[in-house]
Every structure is written in structure tokens, then in C-alpha cells.
Amino acid sequence: MFEHFKIEDKYDTVNYHVYAPGGLTSKKNILFFIHGSNSRPFYEFFEKDGKKFRGSSVPFNLKSIPDSYAFVIISKKGVVFCHDEKKEFEPSDEYFDNLSLKYRAQQVDRVIRDITLNHLVSPKKVVVIGHSEGSDVVAKLGTINKQITNIGFWSGSGNSQLYDFPLFIRKEVLAGKLTEEEGLEEIESLFNKYKDIMKNKEDLTKSWYGHPYKRWANFSEPPIENLLQISIPLYVAMGAKDTSVPVESTYLIPVEFIRNSKENLTFKVYPNLDHSFNEKLKDGSIKRNWNKVFSEFMEWVSLN
């Protein structure tokens, strides 16, 4: 389904993958998807009950990609595109060494320049969607790449990621799950952890919530500082029932855009959706709404 490309120089190698039926050069527009904080390959094969299945960390129905668009995804350093072995994939040391906001933004910037220089010159639209950790990346990317025409900032915080955790603790206090005293104790412990992270910003041996200290330090930059520097159309999409990023933190974005008299923001909160735009129905089943959000986003792109 994908055509695979590689950018190589003496310092680095970037692998990116293009879904473009009919060929990349036949398209008029480019759509980039910047995924979140995991080290999973884009595609994985596994066996169950003697049958082989394919799983994917790409949340899109590829058939929903408009015909005029080439769809591009970029492998994280040290992570393969496809994994087809019985044991679970483990990323190489390169993954942890290069897991930073600056590096991920530079990766996408290099791919945009490579495509528009060597494969699809002067596309009409260059659209970038960042989800979760990828939202931090597109906020940074929007300050360094001037070819992008539209940005989707999905399921991301306006504040530093470090702000979200004390906010979640406060929400537990307000919900009666913690006493005020327990909440204060947890927040104090959290702040001590932050101090330790910031004293050891490059440490790959110490970890917290599954990520090394280096990753937390490198992704502590508040996205709002970058978003306010962006002048192209920006679409923020957020699920009100997100338990990974508190919607209260995302509300900082429209407040700051209004305060700074910036009018390039479209801000939408989906009432019953979670971090991945899923909805839990009354019967306990899960309804996926990713492609509904994507469809509304692409309609917005066509008008902006």
C-alpha cells in the first residue's frame, strides 16, 4: 500500500512512507500524520488461534484519504515500519537517544522539503495533523516550516505536559477520590519528581511513566508558546472525556488566541469522545469517531 523513501546524509537517516494510489507525482496535495508517544511500528503481524492478523498504529481508514492527497507517515528513529515476528518489537537505542521535540519536528521539516523538492513540486496544500505527543511536534514544526498551509492540533495540551499531572490530581480531589491532604501530598511528590527530571535532562537510565527523563525534559515546552507564533489556519480538536490530556489545559489555547487578537484558530471540543476520539456507548461498546473528526477537519481544510 505504501511507497517507502529514505533521506540519508552523514549525520542521519529519515524513513518516510507514502500512501498515494496512482503515484506520489499524480497528487496535488500532501497530508502528513504525526503520531503520538509510542515505539510501535506502523504495522504489526500477530497470530491468534492459528490465524495471522495485521494490527496497525495508523488510526486512519486509508480509503478516507481524499484522492487528491498523498498521505505521509514518518518512522521514529530506531522503529521499523512493519514488524512480523513472534516476539514483541523493542526499539533500538537510537529511539531513546533521539526522542525529543526538536528532533521530531526537524524530521518532519526534512521530509516536507524532500518531497516538495524531489517528488511533488509546488503542492496546492501541505496539511499536517499531529495527535497527542504529535500535537506538540506540529506546534513546534509550525514555527520552522513555511510550506505548511494548514495544521491540525489534536488531543494536545496548551500547557506543558508537566502541568497536566497536577491538574489530574486536583480533578481526583474534586471528584472525592482523594482528600485535600492526599492531593497535596501527591502534588508535592510530583513536583519533587519534576525537579529530579530537570536536574537530569539528558538521563536515559532514569524513567517515569514509561519514558526516560530525557524525553520528559525535551517535551516539557508549552505548545501555546509555539502556537501563538503560527499565522496559518489552525484546527484544534479535543475530546471532552480525554483522560490522557485534560481538556481544561487545552482551553488555554483559545483564551490566549483571543487575548492576543489572533483569528486563525478553529477550536472544537467533542462532548463524549476520549483521547483517540472514541465514544463509550450506554451498552458498554466503543464507537470509533476518528474518521468523523478527520472528515470534518478535511472539510475545514477545503475552506481555509
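Colleague: Which residue follows α9 with a positive phi, and near what angle?
Modeller: In this predicted model, helix α9 spans residues 252-259. The residue that follows α9 with a positive phi is Ser261, and its phi lies near 55 degrees.

Colleague: Within what arc do the buried residues of α9 fall, seen down its axis?
Modeller: Four residues of α9 are buried, namely Ile253, Pro254, Glu256 and Phe257. Seen down the helix axis they line one face of α9, because their directions fall within an arc of 165 degrees.

Colleague: Which exposed residues does α9 carry on the face turned away from its buried side, and what covers the buried residues?
Modeller: The cover over the buried residues of α9 includes the strands β9 (150-154), β12 (234-239) and β13 (265-270), together with the helices α7 (223-227) and α8 (247-250). The face turned away from that buried side carries the exposed residues Ile258 and Arg259.

Colleague: Which helix gives the largest share of the largest nonpolar core?
Modeller: The largest nonpolar core has 39 residues, and those with the most contacts inside it are Tyr16, Phe32, Val111 and Ile115. Seven residues of this core come from one helix, the largest share, and that helix, covering residues 101-118, is α2.

Colleague: How many residues does the other core have, the one that lies apart and has Tyr19 among its residues?
Modeller: Besides Tyr19, the residues of this other core include Ile65, Leu273 and Val293. It lies apart from the largest core, and its size is 29 residues.

Colleague: Is Glu44 buried or exposed, given its salt bridge with Arg40?
Modeller: The closest N and O atoms of Glu44 and Arg40 are 3.1 Å apart, and the two residues form a salt bridge. Arg40 is partly exposed, with a relative accessible area of 40%. For Glu44 the relative accessible area is 16%, and since buried means under 20%, Glu44 is buried.

Colleague: How many residues apart in sequence are the parts that the pair of Glu133 and Lys76 ties together?
Modeller: The side chains of Glu133 and Lys76 meet in a salt bridge at 3.9 Å, N to O. Glu133 lies in helix α3 (residues 133-141), whereas Lys76 lies in the loop between β6 (69-74) and β7 (82-83), so the parts that the pair ties together are 57 residues apart in sequence.

Colleague: What is the relative accessibility of Asp196, the salt-bridge partner of Lys206?
Modeller: The side chains of Lys206 and Asp196 meet in a salt bridge at 3.6 Å, N to O. Lys206 lies in the loop between α5 (180-199) and β10 (207-208) and Asp196 in helix α5, so this pair ties together parts that are ten residues apart in sequence. Lys206 is partly exposed at a relative accessible area of 33%, and Asp196 also counts as partly exposed, with a relative accessibility of 25%.

Colleague: What radius of gyration does the chain have, set against that of a compact globule?
Modeller: The C-alpha trace spans about 60 × 50 × 50 Å along its principal axes. With 304 residues, a compact globule would have a radius of gyration near 19 Å, and the value for the chain agrees, at 20 Å.

Colleague: What percentage of the residues in the chain is buried?
Modeller: The chain has ten helices and 15 strands, and it exposes about 15,600 Å², of which carbon and sulfur atoms supply 49%. Of its 304 residues, the buried ones make up 51%.

How values were computed: Residues are numbered from 1 along each chain as its sequence is written. This is a predicted model: local features need pLDDT of at least 70, side-chain atom pairs count only at pLDDT 80 or more; totals for chains, interfaces and linings use all residues. Side-chain values use heavy atoms; hydrogens and water are left out. A salt bridge is a side-chain nitrogen of Lys or Arg within 4 Å of a carboxyl oxygen of Asp or Glu. Buried means under 20% relative accessible area, exposed over 50%, partly exposed in between (1.4 Å probe, protein chains only). Helices (H or I, at least four residues) and strands (E, at least two) are DSSP runs, numbered from the N terminus. The arc is that of the directions from the helix axis to the C-beta atoms. Contact means heavy atoms within 4.5 Å. A nonpolar core is a set of buried Ala, Val, Leu, Ile, Met, Phe, Trp, Tyr and Cys residues joined through side-chain atoms within 4.5 Å. The radius of gyration is taken over C-alpha atoms; the globule rule is 2.2 Å times the number of residues to the power 0.38. Accessible areas come from the Shrake-Rupley method with a 1.4 Å probe; for residues, only the protein chains shown count as cover.
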